[in-house]
Amino acid sequence: MKDVGRNGIKILAAAITLFVLTGTAFAGPNIINFGRSDYGAANKNWSIAQDGMKRIYVANDMGLLEFDGIKWSLYTTPNKSVIRSVAVYSDSLIFTGNYEDFGRWDRDKAGQLHYTSLASTIKEDIPKNCDFWKTFITRDGVIFQSFSKIYKYDFHSVNIYPSNSSGFLFFSRINGKFWAQKIRDGLYEIDEGRYKEIKGSGKIFTNTDVRVILDLGKGEVLLGTALHGLYKYSNGKFKQFNEKLSSIMERDELNCAIKLADDKIVFGTIGNGLYMTNRSGEIESHISIASGLMNNTILSLLKNDAGDIWAGMDNGIAFLNYSSNMEYYTGKKWNYGAVYSAILWQDKLIIGTNQGVFYSAWNASHISDTIPAFRTVPGTEGQTWNFHIAGDELYCCHNRGLLKITGNFRSIAVPGINTGIYDMTNADMNGKEVSLLATYSGIYIKKNNEDSFSLIKGTNEPFIKIKVDHLQNIWAEDPMKGIYRCRLTDDLQSVESMHYFGGPGGYPASFKLKLFMIGGRAVLLGDNRFYTYNDIKDTLERDDILNSCFKKILNPIRNIIHISQYEFLAISDREIYKFYYNGYKAEILGSGNIDKSSNLVYNYENAAILNDTTYLLFLDNGFLIKRYGEKKDKGTIISENTPARPYIKGITATNGKRTIYFSSSDQNIEIPHSFKKISFQYAAINMFASDIYFRYKVKGLSDAWSEPGRNGITNLERISAGNYEFILGTIDETGKTEQAESVKFRIESPWYETFYAFLIFTFVLFIIIAEGFLIFRKRYRTKYLRSLRYKEIIDLRKENKDLTDEIDDKNAEIYSQSSAIIKRDEILTKVKSMLSSELPLGSRPVIKIVRKVNSYIEENLNSDKDWNLFLIKFNQQNDGFFTMLKGKYPDLSSNDLKLCACLKLNMNSKDIASFMNLSVRAIENGRYRLRKKIGLSQRQNLNEFIMNIGKEES
């Protein structure tokens, strides 16, 4: 922690504020502002704290803010009260002092905070309009301090802190005890309810408010008032502290302060932002709206473990990044445009922009931000591309030509060149010292024994950079088309041969190639791949060593800058990398990220090497300085930290209707199969101050890492049952990784795949098989019975047919017999009639014979023998017919039954009359009586009715 702070102080000690003619440019840390739309709460932010996971907590007018480096979360109390103070006990327990309330926040498995009021547990009411401005964690409890009452929570109950006064202003902790100003009185030391007045304080502070009580160590205490300046307490005496600083604090109204490592102090004011001083009170930096702050009213301050500063403001929150070893020379008053070049010359920092050349005094160990103003070099107005030192002279490559800067910082145009100049270099060619110019219209050359430059014939293209290799080939970089390799004639006046690399038909197939030299050999960068020139084969080949070194870099490399023989800078859109390469070995030595609010000049990403450890990067709104650690050995620097360690905040599983929460520390996480969506929420320790990315893999699904990202959440959906492990890691721009968090979980099998389900399925299957067997058996039996019944029906039908045929035959026989009887009777009747007609005419013997014959005929006509025989046979053929008739119609007489028997045989009335020896009319009358007895209607046919009797029963 001390080393981190010392690095931050080194940055501050070298911070420089550049004065332009109209004002002061800002030199200091990168400032990132958060407004209401960013954190989603009210303007005012009263207190700031940090937990062990480097999460930030802010007491806000709307509630408690939490920031994990990715996302802001707002937690509110049940009564939506204003929160004035916040203190961290652990990663899962936070305490806050609120308006008319104080309490604790506990973190659940999902990583969410939940509030419990402690003020509601005490018997007496909290004073009205009471704000708890300070909250402190002590060894044996938590102190909540308002101006009128002080309460102590011992993790079991809340008790009133003993007080013998009407109230105190803000508490401060000094050597394990509390110091505070009694309202309208002096200072007191408070220790476990014992109040001891600090002698002499009443005379000084009675008429002012003491807002800052800061332990400086070594027995010294710094006291800051709202309107009467600063005082130091030492050896029992009060003395005014730094009169100049005191007057500034009176003017700007001091509000808060914190002490940094190495005795640096940061003061927050009501009216003019932040002031950073040394222990003696000498101002080293002033940060305000003009420097990039969102607001000048500072309500709270926090120094994190990395040496960065968080500031809660009257309108917003600011993060001041000191830990990146970056100094930002930008601000609202920087008005000199985009920077394209810079150089140190004659103890001056010289800046080339698209508006001209500017210079200012430079001292690497300067600790003040009020160095002399930047001044314009007259005659340099316009686009400046580059600087070049030749001996004791400084040349400026300008769009108006080549300018020489004199010792008194005036510009002189070098004659004979009527075109813009991009670059200049010196080389030894054919045993002669020459100067080469890359211009808008070709390459110019000047030998040391000549007075002017001349155009090399055959070089009519614009070139932005030129280099000479160990074989005296000239390598020229076209600003748009690629790279040319030129070989000059012996007199160095024209091109002997020229080879083009780049674009369609070239190699590699890229228009935008960048050129740099390693050990006198040309190396090209294109499409984020490196190529070296093989002078034997006269071709480009991939440089596998460099490509392997940068293969894990996330953002494409835009340019390479030479530092020393084997050290270089690689620049991407958001990162710079210092690397070592000697042709056989390549290694990234360090890196630094560029904040997204600062943009390198597009297509002209570049940097200037000020010394071995300090590099100046060009921005489109100023510049920034990157400082690396001091060298330990040749080719190496102090190693930068590995990426921040990640942690899993919480795990949730949902089925659309219900959500289950888990913690990464939970053992045997079992997730029901119906919960199809699983979410992992995560962050990294101090992530916001680190330019890192997350990556993850899920063992059981894939062993490959995901693509790097910064979402902070991973959703897994519709995973099959099984055991899995979620592994979370971080990776930085250089490819360095940190793998530190994993959690195992199991997706339970669906109910239909469990052992009990197997038993149930087995039982059900057995039932189904048994039921199927029974059904099959029943169906087979039914089919068999049906076949038997069908066969029986066939047999019955056949038997019935035989019986029917037999009945028909019998009926026919009866009918035939009846017909024969009827025929016989007719004959007999006719014979009788004939004999009776002849009787009167015959003789007595004849008459006697006739009478005997008639008597015999009469006897046979009236004989019941035929009729009884008929009934016997009829009854045999139609068994039960008469019984059935008598059963249904008991009033039927014997004649009626005889008539029914005749009708059953379908005999007509005439035959029936003959058969029964009655007249036809008698038969018709008998039919009529029969109908009445049976009860037939007029529409029913008697014959059909009688013939169907017996069939209905069958």
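This is a guided tour of a predicted model, moving from the whole protein to selections that can be made one after another in the viewer.

**The whole chain**

Begin with everything displayed: the protein has 954 residues, and buried residues make up 50% of them. If you colour by secondary structure, the assignment to look for is 13 helices and 67 strands. With the surface switched on, the accessible area of the protein comes to about 46,600 Å², and carbon and sulfur atoms account for 49% of that surface. As for contacts in the protein with a separation of 6 or more, 50% of them are between residues 24 or more positions apart.

**Helix α6 and a nonpolar patch**

Next select residues 755-838, which form helix α6, and pick out Phe766 within the helix. Is Phe766 buried or exposed? Phe766 counts as exposed because its relative accessible area is 55%, above the 50% cut-off. Keep Phe766 selected and add Trp751, Tyr752, Ile760, Phe761, Phe763, Val764, Leu765, Ile767, Ile768 and Ile769, since these residues together with Phe766 make a nonpolar surface patch of about 1,200 Å².

**Helices α10 and α11**

Move on to residues 894-904, helix α10, which is mostly covered, with nine of its eleven residues buried. Among the buried residues of α10 are Leu897, Leu899, Cys900, Ala901, Cys902 and Leu903, and the charged names Asp896, Lys898 and Lys904 also belong to that list. After α10 comes Asn906, a residue to check for its backbone, as its phi is positive, near 60°.

Then select helix α11, residues 909-916, where Phe915 is found. In contrast to the exposed Phe766, Phe915 is buried, because its relative accessible area is 7%. A distance drawn from the C-alpha atom of Phe915 to that of Cys902 should read 8.9 Å, the two residues being 13 apart along the chain; Cys902 is itself one of the buried residues of α10.

**Salt bridges**

The last part of the tour concerns charged pairs. Side chains of opposite charge can pair when their charged atoms come close. A search of the whole structure finds 30 salt bridges, and a few of them are worth selecting in turn.

Start with Arg194 and Asp191, whose closest N and O atoms are 3.4 Å apart. Arg194 is exposed, with a relative accessible area of 54%, whereas Asp191 is partly exposed at 25%.

Now select Asp538 and Arg485, a salt bridge in which the closest N and O atoms are 2.9 Å apart. This pair links distant parts of the chain, with Asp538 in the loop between β51 (529-534) and β52 (539-542) and Arg485 in strand β47 (residues 482-488), 53 residues apart. Which description fits Arg485, buried or exposed? Arg485 counts as buried because its relative accessibility is 8%, and its partner Asp538 is partly exposed, with a relative accessible area of 30%.

A further selection is Glu587 with Lys585, where the closest N and O atoms of the salt bridge are 4.0 Å apart. Glu587 is partly exposed at a relative accessible area of 33%, and Lys585 likewise counts as partly exposed, at 47%. To finish, select Glu220, Lys232, Lys259, Asp263 and Arg279, which are joined into one network by salt bridges that share partners.

Note on methods: Residues are numbered from 1 along each chain as its sequence is written. This is a predicted model: local features need pLDDT of at least 70, side-chain atom pairs count only at pLDDT 80 or more; totals for chains, interfaces and linings use all residues. Side-chain values use heavy atoms; hydrogens and water are left out. Patches are made of residues with over 30% relative accessible area and no salt bridge: like charges are joined within 9 Å, nonpolar side chains (Val, Leu, Ile, Met, Phe, Trp, Tyr) within 5 Å. Accessible areas come from the Shrake-Rupley method with a 1.4 Å probe; for residues, only the protein chains shown count as cover. A salt bridge is a side-chain nitrogen of Lys or Arg within 4 Å of a carboxyl oxygen of Asp or Glu. Helices (H or I, at least four residues) and strands (E, at least two) are DSSP runs, numbered from the N terminus. Buried means under 20% relative accessible area, exposed over 50%, partly exposed in between (1.4 Å probe, protein chains only). Contact means heavy atoms within 4.5 Å.
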